[in-house]
Amino acid sequence: MSFLLNNIVELTVTGLVLGAVYGLVALGYTLVYGVLQLINFAHSEVWMYGSFAAVWVTVALGVAPGGPVLTAIGVLLLALLAAMTVSGGIALLLERVAYRRLLRLEAPKLVALISAIGASFFLAELMGLRDRVVDFFGLRDALDPFVRSARDNTRFLNPLETQGLFSIGRYTVSNVDVIIIVGAILMMVGLDQFIRRTRTGRGIRAVAQDSEAAALMGVNRDRVIRATFLVGGVMAGAAALLYLMRFGVTRWDAGFLLGVKAFTAAVLGGIGNVRGALLGGFVLGLAENYGSALVGSQWRDVVAFLLLVVILLFRPTGLLGESLGRARA
Amino acid sequence: MRFLVKTGAPLLAAALALTACGGTTGGEDEGSGGGAAAEAGTCEDVAIGFFGALTGAAANLGINIRNGVQLAVDQHNEANADCQVTLEEYDSAGDPNQATGLATQAIGDDTVLGVVGPAFSGESNSAGPIFAEGGLPTITASATNPALAENDWDTFHRILGNDASQGPAASSYISEVLQSASVFVVDDASEYGAGLAEIVAQDLGDVVVGTDTIQTGQTDFSATITAIRDSGAEAVFFGGYYAEAGLLVQQMRGAGVQATFVVADGVKDPGFIEAAGDAAEGTIITCPCLPPEEQQEFFTAFEDAFGTAPATYSAEAYDAANVFLEGILEGNTDRESLLTWVNEYEGDGITKPIKFDETGEVADISVWAYKVEGGEIVADQEVEVG
């Protein structure tokens with residue numbers, strides 16, 4: 001207990017950093033659920049592909065840490081753009097291949113769920129076997145730096161050096177901590193405004209409320225669904241870059257655990273609720289860190305999921321409730 | 001493959017068996033080229049198995065071992081046209097839950113006479129009873145949990161020192177060479193990692209200022225790192241595999257923790273440096289394996305075959321496979337007689353003189369400390385085994 005109290009600042013900051021990443025990934029689950037009442041289990045792979053896109057940008061540019069700050073920012077923005085593009089693209093592809101036809105045929109939700117799980121396995125293994133794919137096309141020499149050790153952790157060559165900014169108690173908050181937490185909150189605010197104020201956002205809310213009525217009012221349901229997947233994917237891409245800045249490596253199967261956690265965060269905050277996703281992420285990140293500090297790291301998931309159960313017992317719809325459709329204009 | 005059969009082969013086979021097996025079988029082979037040896041030098045439809053992770057988070061360790069076995073089998077097949085042995089691969093992904101099914105599958109395949117593996121301790125523990133039940137001899141070239149030998153599995157053999165020697169070696173390095181006054185011990189809750197960390201922690205005694213357990217697959221270690229920083233430890237020992245070790249040391253250095261990072265054989269892989277980058281520098285890695293420089297001939301043959309230098313436990317796997325191959329060549333073409341052969345084996349491998357005791361442990365063991373320097377894992381010194 002005294003350990004927790006002595007290090008409360010450090011545990012809080014690192015918990016919030018992790019929670020911010022959970023929250024951004026959780027958005028993808030929550031948006032799709034809000035619109036389709038479907039859990040997109042392949043979303044973790046959307047995030048994973050984004051993380052590789054960011055890594056590959058740094059590999060292609062041959063980035064070395066400790067360069068001028070402006071270059072570092074340029075590279076990071078480029079990596080962010082790449083991650084968002086790839087994640088958004090994968091999300092759209094998923095919608096096209098794994099969902100659209102099933103939704104048209106009004107297949108049971110369970111079928112779409114299985115389809116998503118299948119897509120998730122396919123995408124993860126494809127990334128894990130990327131060296132073989134490249135070999136197959138005879139491109140190994142050209143692409144070796146991107147595909148070697150395909151099953152191992154791949155390092156993100158972070159162009160920005162971690163630097164302490166200011167101290168709170170015994171912990172020095174670093175620039176990366178600030179970028180991640182502030183970045184996540186900004187993106188969340190932006191998304192919230194997007195859904196509240198734009199035409200597409202209104203379409204998303206309309207379909208979430210009642211897709212048939214929305215269609216009768218002239219909302220193009222297919223377009224709205226695509227937009228939802230795209231937005232979720234772009235957020236996952238941003239989450240991927242923030243994650244890499246903090247944790248430094250990615251792997252073909254890294255999406256799985258993060259996906260489970262992000263999904264938990266979405267449920268915790270109230271699945272279908274955009275603000276709830278970030279709140280759920282922060283609460284989960286903090287719970288994991290505090291839990292680890294109190295009873296040891298091997299209990300972190302126990303603590304986190306116990307919290308989930310307790311919260312759902314008292315608030316079955318999560319902290320903020322399910323409300324994508326009911327958000328006020 | 002039968003078209004390969006040539007009349008000259010038995011002679012070659014017998015000669016090879018004589019040079020390879022040394023003292024134990026010398027008596028039989030005296031009349032080289034005679035009838036008995038010719039019979040012994042032939043075999044049909046036989047296979048040895050490799051059991052371990054070829055995919056999954058710690059796949060490199062498995063692939064190193066598979067390649068060692070592959071080299072031994074290829075060399076055997078080249079030298080013995082009348083006795084072609086195939087290599088069956090059982091890819092467990094390092095997962096103890098998959099291991100039981102695969103072990104049953106191996107038992108069911110009558111051509112498989114011996115298995116090199118299972119590679120990790122967790123999977124060895126779950127597959128061991130099945131191999132024992134099926135009478136299929138196994139020689140592991142990497143699973144180092146000491147408890148594995150205490151199960152009365154007649155089929156179990158281990159061709160390297162276990163963690164009961166590696167653990168004390170690691171702790172003696174920490175206390176004697178590094179002279180650390182405070183050590184933080186972390187493990188990954190695996191059969192191997194937790195077992196080893198416990199031995200190290202026990203051995204170090206009062207010097208241990210804190211412990212923590214992480215999970216395989218975990219990527220965020222902030223709570224553990226806070227605990228390490230809080231304890232002010234001069235050294236951190238981690239019992240686990242290279243994937244988590246790379247992340248842990250990288251985040252440790254990122255958080256400004258400068259304690260010396262000490263790990264064991266499960267981390268001795270380039271994948272560790274690949275993940276950790278500069279943060280890996282100065283890491284101490286213990287391993288009951290000789291530096292590759294000590295086995296020049298094997299080193300070159302391996303490089304020629306696979307285009308990479310032999311890595312952790314490739315040489316041990318090569319030795320293990322050769323114990324089986326020599327046995328098969330001697331005419332032990334069923335599991336029972338091959339098991340007897342392995343139990344009674346006495347000969348010189350490239351890594352050490354090989355002789356298994358009643359529990360299946362190899363008699364001669366040595367532990368080396370390696371160090372990460374300039375992005376390479378280089379031999380540091382041999383560590384006294386208590």
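**Exercise 1.** Find the partner of R300(A) in a salt bridge, and place it in the contact between the chains.

*Solution.* Step 1: in this predicted model, R300(A) pairs with D220(B), and their closest N and O atoms are 3.3 Å apart. A salt bridge here is a side-chain nitrogen of Lys or Arg within 4 Å of a carboxyl oxygen of Asp or Glu.
Step 2: the count of salt bridges between chain B and chain A is four.
Step 3: the contact (heavy atoms within 4.5 Å) takes 31 residues from chain B and 30 residues from chain A.
Step 4: D220(B) recurs in the area, since D220(B), T226(B) and E274(B) supply 21% of what chain B buries against chain A, more than any other three residues. Buried area is the accessible area (1.4 Å probe) that two parts lose on being put together, summed over both.
Step 5: the two chains bury about 2500 Å² between them, with 46% of it on carbon and sulfur atoms.

**Exercise 2.** Describe the lining of the largest cavity.

*Solution.* Step 1: a cavity is a set of points on a 1 Å grid over the protein atoms alone where a 1.4 Å probe fits but cannot get out, and lining residues have an atom within 4 Å of a point.
Step 2: 13 residues line the largest cavity, and L61(B), F120(B), S142(B), Y241(B) and Y313(B) lie nearest its centre.

**Conventions.** Residues are numbered from 1 along each chain as its sequence is written, and chains are lettered from A in the order in which they are written. Local features need pLDDT of at least 70, side-chain atom pairs count only at pLDDT 80 or more, totals for chains, interfaces and linings use all residues, and side-chain values use heavy atoms, leaving out hydrogens and water.

Notes:
1 Å grid on protein atoms, 1.4 Å probe; cavity = no way out; pocket = protein on both sides within 12 Å on 5 of 7 lines; lining within 4 Å.
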